[in-house]
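Please load the model in your viewer, switch to a cartoon view and keep the selection tool at hand. We will go stop by stop, from the whole chain down to single residues.

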Amino acid sequence: GVGGQQGRIAFGIATLGARRMTYLIDPDWSDTDVWYHVAGVYDGAEARLYVNTVLKATDTLHGGLVAYGGHTQDRFAIGRYLDANEAFNHRGMLDDAALFARALGEG
């Protein structure tokens, strides 16, 4: 899911290949009271985090299908970190959230 971690924008994903949660974190601090366009992308081999159309982080240690509660207790979430024993809500607004069945192209 896409959310925040310690003042930074983050994208967390678990796959059946990795069997663990991995977080891609924007190295830049996020300002409050500012709108951001955030996209977390996973194409089956590489996870990418974009903030305002700029690639901020990548990870290639994944493989296979997304684990929706399969080998982990993690669940799909937007604007929230949620697992078997923790839940952290985003403190802000979300607009035009979308989920696609395929990785969209750049540009």
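Start with the whole chain in view: it has eight strands and zero helices. Followed from the N terminus, the elements read β-β-β-β-β-β-β-β. Keep in mind that this is a predicted model.

**Colour by confidence**

Next, colour the chain by pLDDT. The average is 77, and 79% of the residues score at least 70. Where is confidence lowest, and where is it highest? Select strand β1 (residues 2-5) for the lowest mean, 59, and then β6 for the highest, 93. If you switch to colouring by burial instead, you will find that buried residues make up 27% of the 107 residues in the chain.

**Select residues 38-59: the sheet**

Now hide the rest for a moment and look at β4, β5 and β6. These three strands form an open sheet in the order β4-β5-β6, with antiparallel pairing. Because β4 and β6 stand at the edges with a single partner strand each, one side of each is left without a neighbour in the sheet. Look along the sheet to see the twist, which averages 15° from one strand to the next.

**Select residues 47-51: strand β5**

Is β5 mostly covered or mostly open? It is mostly covered: five of its five residues are buried. In a regular strand, side chains alternate between the two faces of the sheet. Show the side chains of β5 and check each face in turn. Ala47, Leu49 and Val51 are on one side, Arg48 and Tyr50 are on the other, and all of them are buried.

**Step from β5 to β4**

Bring back strand β4 (residues 38-42), which runs antiparallel to β5 and is joined to it by five bridges. Two positions make handy landmarks here. Valine 38 stands opposite valine 51 of β5, and valine 41 stands opposite arginine 48.

Follow the chain through the hairpin of β4 and β5, where four residues lie between the strands. Stop at glycine 44, which takes a positive phi near 100° in this hairpin. Then click aspartate 43, also placed in the loop between β4 and β5. With a relative accessibility of 43%, aspartate 43 counts as partly exposed. For a contact across the sequence, draw a distance from aspartate 43 to leucine 104: their C-alpha atoms are separated by 8.8 Å, although the two residues are 61 apart along the chain.

**Step from β5 to β6**

Return to β5 and turn to its other partner, strand β6 (residues 54-59). The two pair in the antiparallel sense over five bridges. Which residue of β6 is the bridge partner of arginine 48? Select threonine 58 to see it. Tyrosine 50, in turn, has leucine 55 as its bridge partner in β6.

The hairpin of β5 and β6 has two residues between the strands. Select asparagine 52, which lies in this loop. Its phi is near 55°, a positive value in a residue other than glycine. At 36% relative accessibility, asparagine 52 counts as partly exposed.

Move on to threonine 53, which also lies in the loop between β5 and β6. Here phi is near 70°, again positive in a residue other than glycine. Threonine 53 is exposed, with a relative accessible area of 66%.

**Select the nonpolar core**

Show the whole chain again and select Ile9, Phe11, Ile13, Leu24, Tyr42, Ala47, Leu49, Val51 and Ala57. These nine residues are the largest nonpolar core. Strands β2 (8-14) and β5 each supply at least two residues of this core. You have met one side of β5 already: Ala47, Leu49 and Val51 are on it.

**Last stop: the rings**

Finally, show the aromatic side chains. How many aromatic pairs does a search of the whole structure find? The count is zero. There is still a ring to visit: zoom in on tryptophan 29, where arginine 8 lies over the face, at 4.0 Å from the ring centre.

Key: Residues numbered from 1 in each chain as written. Predicted model: local features only at pLDDT ≥ 70, side-chain atom pairs only at ≥ 80, totals over all residues. Heavy atoms only, no water. Buried < 20%, exposed > 50% of the residue type's maximum accessible area, 1.4 Å probe, protein only. Pairing = 2+ DSSP bridges. pLDDT = per-residue confidence, 0-100. Axes fitted to C-alpha atoms, helices over the stretch in contact; angles between N-to-C directions. Core = buried A, V, L, I, M, F, W, Y, C linked by side-chain atoms within 4.5 Å. Phe/Tyr/Trp six-rings, centres within 6.5 Å; stacked < 30°, edge-to-face > 60°. Lys NZ or Arg CZ within 6 Å of the ring centre and 35° of its normal.
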